[in-house]
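Reader: Could you take a close look at one part of this model for me, and walk me through it slowly? I'd like a connected account rather than a list.

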Amino acid sequence: MGYKAKFRVWRGEGGDGKLEDFTVEVNEGEVVLDVIHRLQATQAPDLAVRWNCKAGKCGSCSMEINGKPRLGCMTRMSTFEEADTITVTPMRTFPVIKDLVCDVSFNYQKAREIPSFTPPADVRPGEYRMQQIDVERSQEFRKCIECFMCNNVCHVIRDHEENKTNFAGPRFLMRIAELDMHPYDVADRKDAAQEEHGLGYCNITKCCTEVCPEHIKITDNALIPMKERVVDRKYDPLVWLGNKIFRR
Amino acid sequence: MERHEYDVVVIGAGGAGLRAAIEARQQGKRTAIICKSLFGKAHTVMAEGGAAAAMGNVNSDDNWMVHFRDTMRGGKFLNNWRMAELHAKEAPDRVWELEAWGALFDRTKDGKISQRNFGGHEYPRLAHVGDRTGLEMIRTLQQRVVALQQEDFAVHGDYEAYIKVFAECTVTRLLKDDGAISGAFAYWRETGKFIVFDAPAVVLATGGIGKSYVVTSNSWEYTGDGHALALLAGAQLINMEFIQFHPTGMVWPPSVRGILVTESVRGDGGVLRNSLGERFMFNYVPDVFKDKYATSEEEGDRWYTDQANNRRPPELLPRDEVARAINAEVKAGRGSPQGGVFLDVSSRLPAAEIIKRLPSMHHQFKELADVDITKEPMQVGPTCHYIMGGVEVDADTGAASVPGLFAAGEVSGGMHGSNRLGGNSLSDLLVFGRRAGAGASQYVDGLTRRPAVTGVEEAMAEAVAPLERGGGENPYELHHELQRTMNELVGIIRKAGEVGDALDVVEKLKERAHNTASTGGKIYNPGWHLALDLRNMLLVSECVAKAALIREESRGGHTRDDYPGMSPDWRRKLLVCSAPPDGSEVTVVEKEQPSMRDDLITLFDRGELSKYVTEDELAEYDAALAAKKRES
């Protein structure tokens with residue numbers, strides 16, 4: 001059942017590094033993260049990788065496997081041929097600290113720039129009454145495990161460092177949509193979404209939706225509806241185009 | 001060396017740590033949150049089922065007294081009754097508070113927070129969001145911290161003026177001055193650089209110890225750090241022999257063995273079957289629970305729709321009972337092909353309903369095991385899930401015996417007695433996180449001077465040692481050996497001889513751990529981090545094994561093959577662990593559990609109590625009841 005797999009893993013600190021080749025044992029049912037752990041235990045004890053739950057619930061082990069953003073813990077080895085060489089690299093959009101670990105502080109800064117949930121002043125804890133159907137829209141977005149793969153894959157910032165200041169990325173544009181759709185949120189978030197957080201940069205290529213391990217429909221359910229809410233005040237040609245193409 | 005001054009330092013950023021930090025900041029304290037992982041990744045995200053709180057939204061007969069009784073029963077009456085009381089009384093407010101901070105729980109038809117059934121809870125009680133309640137809780141608390149930072153930014157122009165998160169930072173020693181806490185010593189995982197926190201109060205909220213076992217639902221962070229830090233600082237641990245093996249962990253494929261399968265599967269109608277297709281749990285209802293559980297499948301099934309006239313199915317017994325039953329079925333040769341039993345929801349609910357109620361279970365089995373739980377049963381078996389034992393604290397403030405030290409959540413002990421009910425953990429984190437944050441704030445207010453930081457040199461020498469040794473033991477190998485030993489010899493069923501053997505192994509591993517060597521540098525070096533975590537795992541394993549050897553009875557999360565019965569005399573005894581600052585040897589002493597307050601003990605029937613308590617205590621009960629009758 002077990003076999004020896006060929007792995008190429010990015011090793012290095014800061015800006016410097018290179019792909020290193022390893023041959024490593026793989027057993028039935030294992031995922032890529034298991035193999036990385038075996039490398040640590042047997043060949044490369046200081047190989048850096050983030051992980052926590054190993055069950056797809058915490059979003060720590062984001063990496064690029066054969067160039068695709070994936071959670072290491074949810075990528076089964078059985079999806080590859082035994083002869084394949086599997087290349088594992090850190091997320092490209094964020095600066096590398098060491099090996100597979102990136103500096104993801106960009107995401108935490110953006111989180112802090114979005115005004116928090118703002119309930120009406122006169123509703124006390126315990127008095128909230130909401131229907132299931134009304135909470136479900138925001139609940140979908142709250143499934144987000146903050147793996148940051150949507151921000152990693154988004155071309156607005158993936159190869160455009162200069163856009164990072166003005167663009168919150170799909171994760172946090174979705175957070176704005178989540179709050180805007182929260183039945184009790186009273187803040188007006190539409191102008192800020194467009195002007196401060198760069199909603200207009202999104203041209204709905206849906207790359208974020210494709211990589212989301214929670215299968216959240218980021219583009220269709222969060223970003224496009226948010227663009228529509230903004231468009232009440234501003235004309236956005238992409239919303240017009242989006243409506244033509246995707247016929248919501 | 002990097003150095004920071006704070007009023008309160010919270011170690012751990014799970015539910016308890018974040019709630020403690022929020023409280024300290026709300027009381028005007030400069031607060032640091034230190035966590036080993038990124039902010040928002042703590043083990044709390046893995047909690048699935050819900051937070052138990054007697055809000056009475058689904059069944060209005062529920063109230064704090066019913067919840068208190070269920071909690072004490074679940075813990076086999078070994079619980080710190082004051083903690084169980086505070087927990088039952090305050091949990092609803094803590095859940096409602098989350099809602100005011102933006103949490104979106106599933107709803108009832110009349111728009112309230114929905115509540116689901118769970119093992120050991122008499123009424124539907126768990127506030128939940130599908131089967132990802134822990135994620136909702138951690139995100140809400142994380143976002144509350146951010147909201148407070150935004151308030152501070154508006155006033156002071158600095159997000160981190162009053163509350164700052166030190167992520168990917170590990171504390172290796174608590175610092176003291178004249179017997180009281182004066183700070184903490186840590187290293188940054190990212191750079192390996194050291195950092196000193198100068199603070200008169202420390203709240204431990206580091207979670208559990210599962211990484212001492214091979215088969216566990218716990219994440220890598222669960223290396224018993226807070227337990228060990230407390231011991232080494234001179235505090236005591238209680239109830240360390242009680243470890244909860246969650247009955248339903250995944251058993252296949254091997255690499256995911258132990259990953260949790262939520263109890264909600266059973267709460268929502270899932271049943272356990274052996275290889276003969278029998279619902280075997282009907283054969284495992286213990287005497288103390290005989291009158292509370294259904295005796296036929298028909299009655300159990302009717303209970304889901306009519307709880308007033310039927311008793312609950314035995315699949316919903318407390319976790320310790322279900323775990324032992326599964327273990328026994330497998331040992332008797334009636335297990336599933338891959339060494340567990342069958343947990344089936346596919347024949348019980350329509351596929352759409354399963355996906356709606358148990359989305360992450362559906363996803364987890366499909367992605368990791370190629371099993372569609374809407375079409376076929378899961379295979380499950382016990383997994384090391386939770387330690388009931390922890391730092392002995394004052395119920396009201398979370399204060400440990402060392403001045404300035406506080407603890408909340410899984411790292412504290414007492415609340416859950418010998419076995420925790422599902423759903424009582426998330427509410428525990430909120431109730432006692434808040435109390436520990438408040439306790440630490442009040443303690444700081446009462447100080448006349450700031451204690452001075454001492455012991456930094458020693459802490460630094462200890463931390464850097466594995467990197468400076470030219471060669472030595474591989475920390476990964478030591479870790480694997482510890483995990484195997486604890487799993488095989490101090491697992492779900494224990495025998496004196498085996499536990500003794502485990503202690504010998506732990507003793508030898510402690511020697512070898514003094515000689516671990518980590519290759520590579522200080523920058524993000526997991527081999528070095530593990531070498532430092534090993535000290536903690538070994539120390540807590542020694543506590544678990546020593547206490548398990550002394551307690552000659554079976555109760556909750558401690559089952560002794562050689563002492564299968566529950567003993568009323570042992571119920572009155574707590575086993576208290578302590579250790580010298582170098583951690584060289586754990587000592588365990590017995591301590592008497594204080595009697596329950598009269599108004600609490602009289603909430604129980606005499607008949608039920610008589611199954612648990614001594615004759616002396618029954619006499620106390622009779623006197624209390626008589627006094628109560630005279631008053632009314």
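Author: Happy to, and chain A makes a good subject. The mean positions of its 36 positive and 38 negative charges are 2 Å apart; here Lys and Arg count as positive and Asp and Glu as negative, with His and the chain ends not counted, and each charge is placed at NZ of Lys, CZ of Arg, CG of Asp or CD of Glu.

Before going on, please keep in mind that this is a predicted model, in which local features need pLDDT of at least 70 and side-chain atom pairs count only at pLDDT 80 or more, while totals for chains, interfaces and linings use all residues. Residues are numbered from 1 along each chain as its sequence is written, chains are lettered from A and ligands numbered from 1 in the order in which they are written, and side-chain values use heavy atoms, leaving out hydrogens and water.

Chain A has 10 helices and seven strands (DSSP runs numbered from the N terminus: H or I of at least four residues for helices, E of at least two for strands). Along the principal axes, its C-alpha atoms fill a box of roughly 60 × 40 × 35 Å.

Of the 248 residues of chain A, 60% count as buried, meaning under 20% relative accessible area (1.4 Å probe, protein chains only). The exposed area of chain A is about 10500 Å², by the Shrake-Rupley method with a 1.4 Å probe, and carbon and sulfur atoms supply 49% of it.

Finally, the contacts (heavy atoms within 4.5 Å): among those in chain A between residues at least 6 apart in sequence, 63% join residues at least 24 apart.

Conventions
Buried < 20%, exposed > 50% of the residue type's maximum accessible area, 1.4 Å probe, protein only.
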